[in-house]
Amino acid sequence: MQIEDYIKAGKIAAEVREMVRVKDWIGKTVYEICEEVEGEIKKRGVKCAFPVNTSINEVAAHYTAEPNDPITIKDTDLVKIDLGVQINGYIADTAVTVCYDAQFDGLVQAAEEALGNAMSMIKSGVKVSDIGRTIETTIKQMGFKPIANLSGHSLGQYTIHAGKSIPNIWSIGGFSLSENSAYACEPFVTTEQGGGFVRNGQIKNIFAINSRKKTKEPEADRLLDFIWDNFNMLPFALRWITKEWEEKKARELLEILIKKKTIQAYPILIEVNEQRVAQAEHTFIPNENGVIVTTRAL
Ligand code: MN
Ligand code: MN
């Protein structure tokens, strides 16, 4: 059942996120982190909703490890680890920022506090513009800046961004939260010197199906079927197909599918002034009693 799947996915995602939060990742490669965190999800008998994101410093979001990616976590790095669990396509989306340099603790705290304040005001009927205002006010009062062009989102079955946005700043219009719908709220915070916006980077290492239209190239079509069978419309990484195809071949086939627009590639998102960014994220469902934060720590 839908609500039970959301709750179970959330419980597992929260458990893995709390493990991620307290672990010392210094000296580990992003490849090791992604494989380990995805392994923690899979060993609990569920699927990843998307490749674990390990976005470092000024990279705000959408970086996942390449096969054997050698990028290594330093003791001065700020790392957003964003993870997702899905059961029958019902998703838990949650993130934590790990940081080992006390200089940046304030940034991490601002993201956590903004998320906490947003969660305390959730019930059905709340306007997302008011959630945005709470997030923005919390972050600014702590001396930081919200990222204005990143936002939370509604969730649907096998759909991470189901069409509605929950802003991280006050903004005109928007919708009101509905009972028994799933959403993710994810404040992103940068420093006073930051522009408070992200831009697309060059790197693209997260992909998802756009359409299932055949390419007439048998091997590319076989890859497309594999992706659909294993990930449906949800995002995937090259790491997830190199068990079936050799890396060079997998890259070639993926390139064909991207050119034909059957696969979409998502660029990494970088803070415009290259300032560090922290993030915190929960998935929640407003109900008749208030809210279920599915990814709340136990
Ligand atoms: Mn996320
Ligand atoms: Mn999200």
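**Figure 1. Surroundings of Thr295 in the predicted model.** Thr295 is located in the segment that follows β14 (290-293). With a relative accessibility of 0%, Thr295 counts as buried. Setting aside residues up to four places away in sequence, Thr295 touches Gly10, Ala13, Ala14 and Arg17, together with Ala92, Asp93 and Thr94, and also Glu281, His282 and Thr283. Two of these partners, Asp93 and Glu281, are themselves buried, and both appear among the donors of the manganese ion (ligand 1).

**Figure 2. Ala92 in strand β4.** The relative accessible area of Ala92 is 0%, and the residue is therefore classed as buried. Apart from neighbours within four places in sequence, Ala92 is in contact with Ala9, Gly10 and Ala13, with Leu83, Gly84 and Val85, and with Thr283 and Thr295. Lys248 offers a reference point for distance: Ala92 and Lys248 are separated by 156 residues in sequence and by 32 Å in space, C-alpha to C-alpha.

**Figure 3. Coordination of the manganese ion (ligand 1).** The donors are Asp82 (OD), which is listed twice, Asp93 (OD) and Glu281 (OE), at 2.1 to 2.3 Å. Along the sequence, the donor residues follow the spacing D-x10-D-x187-E. Distant parts of the chain are linked by the pair Asp93 and Glu281, which are 188 residues apart: Asp93 belongs to strand β4 (residues 90-99), whereas Glu281 lies in the loop between β12 (277-279) and β13 (282-287). Asp93 and Glu281 are both buried. Asp93 also bridges this ion and the manganese ion (ligand 2), the two ions lying 3.2 Å apart.

**Figure 4. Coordination of the manganese ion (ligand 2).** Four protein donors, namely Asp93 (OD), His153 (NE2), Glu186 (OE) and Glu281 (OE), lie 2.1 to 2.2 Å from the ion. Their spacing along the chain is D-x59-H-x32-E-x94-E. Within this set, His153 and Glu186 link distant parts of the chain, being 33 residues apart, with His153 in strand β6 (residues 151-155) and Glu186 in the loop between β8 (182-185) and β9 (188-190). His153 is buried, as is Glu186.

**Figure 5. Packing of helix α1 against helix α2.** Helix α1 (residues 2-22) and helix α2 (residues 30-42) pack with their axes 10 Å apart and at an angle of about 150 degrees. Because of this angle, α1 is roughly antiparallel to α2. The crossing of α1 past α2 is right-handed. In the contact, Val16, Met19 and Val20 of α1 meet Val37, Glu40 and Ile41 of α2. Classified by residue type, this contact comprises five nonpolar residues, no polar residues and one charged residue.

**Figure 6. Positive phi values at Lys216 and Asn232.** Lys216 has a phi near 70 degrees, a positive value in a residue other than glycine. Lys216 is found in the loop between β10 (198-209) and α5 (218-231), and its relative accessible area of 76% means that Lys216 is exposed. Asn232, which is likewise not a glycine, has a positive phi of about 55 degrees. Asn232 lies in the loop between α5 and α6 (247-259). In contrast to the exposed Lys216, Asn232 counts as buried, at 16% relative accessibility.

Conventions: Residues numbered from 1 in each chain as written. Chains lettered and ligands numbered in written order. Predicted model: local features only at pLDDT ≥ 70, side-chain atom pairs only at ≥ 80, totals over all residues. Heavy atoms only, no water. Donors = N, O, S within 2.8 Å, 3.2 Å for Na, K, Ca; no water. Helix = DSSP H or I, 4+ residues; strand = E, 2+ residues; numbered from the N terminus. Buried < 20%, exposed > 50% of the residue type's maximum accessible area, 1.4 Å probe, protein only. Axes fitted to C-alpha atoms, helices over the stretch in contact; angles between N-to-C directions. Parallel < 35°, antiparallel > 145°, perpendicular 65-115°, else oblique. Left-handed = near helix turned anticlockwise from the far one by under 90°. Contact = heavy atoms within 4.5 Å. Nonpolar A, V, L, I, M, F, W, Y, C, P; charged D, E, K, R; others polar.
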